[in-house]
Amino acid sequence: MTGHQSLSLADAANLSGAPVDVTAVLDHLIREAEAAAATSIGFPGAVDLDYGEVMTRLGNRLWNNIGDPADLGGVAHTRVLEQAVIAWFADTLAMPRDDRWGYVTTGGTEGNLSALHTAHHRHPTARIYYSTAAHYSIPKIVRMLGARGVVVNADAGGEMDYAHLAAQVGRRRRWPAILVATAGTTLTEAVDDTTSIRTVLDEYQVNGHLHVDAALSGIPLALDGRLRLNDDSGISSIAISGHKFLGVPTPSGVVLIRDHARNTASRITYTATLDTTITGSRCGLAAALLWHAIATHGHEGHRWRATQARRLATYTVNQLNAAGWPAWRHPHAVTVVMPTPPEQVRKKWLLATDGATSHLVCMPGITHGQIDAFVADLTAAAPPRLIPRPRADGLSTPSRTL
Ligand SMILES: *Cc1c(COP(=O)(O)O)cnc(C)c1O
């Protein structure tokens, strides 16, 4: 026991007052993170993989992959690992070998920005279509690019409304279209159907770029063979997070773009490398961590992780339904959607809540024990007769699930 335990973390960490006890502050941070982990079931980050070997051996040096990972000039410390990671993702997504490009990003947002920036550069007059269930980074990026965004309705389960898309595209058919499909929406893990989207674009003979924001579900769906960036798919680019399904202990991700859908970039001279990435200096440690996750588990290991997570999600829905809670999930999903529990339950269990609807995410590493404890707390706090009925008009009513 030290005196610092009575001090708030903010007071202990304050750098403009008395000398700080660095060890005490780090202890405090770790204690808080460990205490929160047991009841943290709302964030889509896997917690089952051990990255200790990489962190211990590489974590105390600078690994900076400046510039384009496919370029052989300049400084690039873990570039070889990054290239291997990009090749694995591209293979898993069935991208043609002679028509692929990508790099390790800081996360889903940078991947979306890189892909949409590329698309917008090629199609400067294009309208950017995205659904109301798209991630908040998409409208932000549309504003950053100075582009025109068009919002498309989502159905009650969170999937894009293709009839509404057709109406929106039909009205703007003289401009190219940049389409953002989501594979795993934030609230319900809905997956937009890129075949239906392509059908709409073909019907109106609108050209452009189809991007998939697959930050959450990209890897499981690719491993299922249900998400491909081959010629038939008509998909030009994809963004995937590294700290979600793979649980990489630093924000990270991957962006992949079909090479034919890219611009030629300017060569910058002082590092002698192609300036094709959003940031200049890039985190080589993230590339090494992603590489480690793939090298140690491979295709089959990660498929098994996805299967186990979906099983736990099925179990969770069953336990909640048995306790009188109308919870549901999409068939491919690890996200379980339910009416928002009472406040005392949400104080303890860190769910994600949007008004009357909440979700928990059965990411790899979440246990049956945690689910059982959550359901027990829920049952103790809210007898079934007090459970809110799902609304008829909102996301709490699934469209085609259960
Ligand atoms: C998490 C997420 C993002 C953003 O990813 P960051 O890594 O936080 O930038 C974007 N889109 C979707 C669908 C996500 O789930």
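**Exercise 1.** How far is an oxygen atom of the ligand from an N or O atom in the side chain of Ser241?

*Solution.* Keep in mind that this is a predicted model. Start at Ser241: an N or O atom in its side chain is 3.4 Å from an oxygen atom of the ligand. Now take the cut-off for a polar contact, a pair of N or O atoms within 3.5 Å. The Ser241 pair, at 3.4 Å, fits that cut-off.

**Exercise 2.** Find which atoms of the ligand lie by the polar side-chain atoms of Asp213 and His243.

*Solution.* Go to Asp213 to begin with: one of its polar side-chain atoms sits 2.6 Å from a nitrogen of the ligand. Then hop over to His243, where the partner is a ligand oxygen, 3.3 Å away. As for cover, the ligand has 380 Å² of accessible area on its own, and the protein covers 85% of that.

**Exercise 3.** Describe the shell around the ligand and where it sits.

*Solution.* List some residues: among those around the ligand are Gly107, Thr109, Asn112, His135 and Lys244. Next, sort the shell by type: two residues are nonpolar, eight polar and two charged. Then look at helix H5 (residues 108–122), which gives the largest share, three residues. Finally, the ligand takes up the space of the largest pocket.

**Exercise 4.** Work out why the chain counts as compact as a globular protein of its length.

*Solution.* Count the elements: 12 helices and 12 strands. The radius of gyration is 22 Å, and the globule rule gives 21 Å for 402 residues; these are close, so the chain is as compact as a globular protein of that length.

Technical notes. Residues are numbered from 1 along each chain as its sequence is written. This is a predicted model: local features need pLDDT of at least 70, side-chain atom pairs count only at pLDDT 80 or more; totals for chains, interfaces and linings use all residues. Side-chain values use heavy atoms; hydrogens and water are left out. A residue is near a molecule or strand if one of its heavy atoms lies within 4 Å of it. A polar contact is a pair of N or O atoms within 3.5 Å; within protein, one must be able to donate a hydrogen and the other to accept it, and residues adjacent in sequence count only if both atoms are side-chain atoms. Accessible areas come from the Shrake-Rupley method with a 1.4 Å probe; for residues, only the protein chains shown count as cover. On a 1 Å grid over the protein atoms alone, a cavity is a set of points where a 1.4 Å probe fits but cannot get out, and a pocket is an open set with protein on both sides within 12 Å along at least five of seven lines; lining residues have an atom within 4 Å of a point. A molecule sits in a cavity or pocket if more than half of its atoms lie within 2 Å of its grid points. Helices (H or I, at least four residues) and strands (E, at least two) are DSSP runs, numbered from the N terminus. Ala, Val, Leu, Ile, Met, Phe, Trp, Tyr, Cys and Pro count as nonpolar, Asp, Glu, Lys and Arg as charged, and the others, Gly among them, as polar. The radius of gyration is taken over C-alpha atoms; the globule rule is 2.2 Å times the number of residues to the power 0.38.
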